[in-house]
Amino acid sequence: MKQLTASGQTVEDAVQSALKQLNITEDQVNVEIIDEGKKGLLGLFGSKPAVVKVTVQPNPIEQAETYLNEIMTNFTDKPILVEHTINGKNVIFDLSGENIAMVIGKRGQTLNALQYLTQLFIHRVTTERYQVTVDAEGYRSRREQTLEQLAVRLADKALKTNKHVALEPMPSFERKIIHNVLQSEANVHTYSDGVDPNRYVVIKPVKK
């Protein structure tokens, strides 16, 4: 953890001096006042500088990336590259490597577990409400397309059989895709049922 002690005529001057030396902003540090200093007689005699100790706060996104790297090291003997992109409060960690199919798992179950663990880690190390996505070589986009096609196909089945159709259990962000695809369809209604982690979408034909 990087720390720096700095001085100045006032506490604020000392803090600004430390920030300038570290080339960071005040919201990225913790400030401890060691000595508030004093002006002295007429601001000249007996004056004493203010002294502060500035500690750089760990970056939660970089911490989460390190956390994922540690999991990957223990998960597979093949090297897995972890990279991240940030868009506001949305953080995407993208995994790539030779053994990526193993990292994704059946229907993305392993990838979903990694995403859940990383989200928990982020919540533990910062109060910032980041939304985490863990992807692997474009899997999330392909999975979304698959779910959209599945939603249309099973909605058609529900209408033809005039029966409720239940999908397999899915995490909330995948259930949302099903709901969004069919929300404009007047002939069917969707709702989630069950208890996590086995909550699932039901497609119900609407009687006219």
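**Notebook: three domains, two pockets, a few odd torsions**

I began with the C-terminal stretch: over residues 141-207 the chain is 48% helix and 21% strand, and its end C-alpha atoms lie 34 Å apart. I took that range from UniProt, where an unreviewed entry lists residues 141-207 as "domain: R3H". I note that the model is predicted.

**Domains**

I looked up the division of the protein next. It has domain 1 (3-56), domain 2 (60-137) and domain 3 (141-205). I then checked the spacing of domain 1 and domain 3. Their centres, taken over C-alpha atoms, are 59 Å apart.

**Sheet in the C-terminal part**

I traced an open sheet of three strands there, in the order β7-β9-β8, with antiparallel pairing. Which strands stand at the edges? I found β7 (165-166) and β8 there; each has a single partner strand, so one side of each lacks a neighbour in the sheet. I followed β7 to β9 and found antiparallel pairing over two bridges. V165 has I203 in β9 as its bridge partner.

I then went to the loop between β8 (188-193) and β9 (200-205), where P197 lies. The peptide bond joining D196 and P197 is cis, with omega of about 10 degrees. I flagged it because most peptide bonds are trans.

**Strands of domain 2**

I turned to β4 (residues 80-87) and β5 (residues 90-97). In which sense do they pair, and over how many bridges? They pair in the antiparallel sense, over eight bridges. I marked I86 opposite V91 in β5. The two strands form a hairpin, with two residues between them. In the turn, G88 has a positive phi of about 65 degrees.

I checked the next partner of β5 as well. β5 pairs with β6 (residues 131-136) in the parallel sense, over six bridges. Here I92 stands opposite T133 in β6.

I followed the chain on to E98, in the loop between β5 and α3. Is E98 buried or exposed? I read a relative accessible area of 66%, so E98 is exposed. I also took its distance to N187. The two residues are 89 apart along the chain, and their C-alpha atoms are separated by 45 Å.

**Positive phi outside glycine**

I searched for positive phi in other residue types because most residues other than glycine have a negative phi. I noted N23, which is not a glycine yet has a positive phi of about 60 degrees. N23 sits in the loop between α1 (11-22) and β2 (29-35). Its relative accessible area is 68%, so N23 is exposed.

I noted R107 too: not a glycine, with a positive phi of about 50 degrees. R107 belongs to the loop between α3 (100-104) and α4 (109-125). At a relative accessible area of 43%, R107 is partly exposed.

**The largest pocket**

I moved on to pockets. The largest has a volume of about 840 Å³. I listed 27 lining residues; N112, Q115, P171, S172 and F173 lie nearest its centre. Which domains supply the lining? I found at least three residues from each of domain 2 (60-137) and domain 3 (141-205).

I broke the lining down by element. α4, β6, α5 (139-161) and α6 (172-182) each supply at least two residues. α4 gives the most, with six residues. I sorted the lining by class as well: 10 nonpolar, nine polar and eight charged residues.

**The second largest pocket**

I read a volume of about 410 Å³ for the second largest pocket. It is lined by 14 residues, and Q28, Q57, P58, N59 and P60 are the closest to its centre. Which helix gives the largest share of this lining? I found helix α2 (residues 60-75), with three residues.

By class, I count seven nonpolar, four polar and three charged residues in this lining. I checked the domains again. The second largest pocket draws at least three lining residues from each of domain 1 (3-56) and domain 2 (60-137).

Technical notes:
Residues are numbered from 1 along each chain as its sequence is written. This is a predicted model: local features need pLDDT of at least 70, side-chain atom pairs count only at pLDDT 80 or more; totals for chains, interfaces and linings use all residues. Side-chain values use heavy atoms; hydrogens and water are left out. Domain bounds come from an automatic or database domain assignment. Two strands pair if DSSP finds at least two bridges between them. Helices (H or I, at least four residues) and strands (E, at least two) are DSSP runs, numbered from the N terminus. Buried means under 20% relative accessible area, exposed over 50%, partly exposed in between (1.4 Å probe, protein chains only). On a 1 Å grid over the protein atoms alone, a cavity is a set of points where a 1.4 Å probe fits but cannot get out, and a pocket is an open set with protein on both sides within 12 Å along at least five of seven lines; lining residues have an atom within 4 Å of a point. Grid points are joined across faces, edges and corners, and a volume is the space filled by probe spheres set on the points. Ala, Val, Leu, Ile, Met, Phe, Trp, Tyr, Cys and Pro count as nonpolar, Asp, Glu, Lys and Arg as charged, and the others, Gly among them, as polar. UniProt positions are given in the numbering used here, feature names are shortened, and annotations may be inferred rather than shown by experiment.
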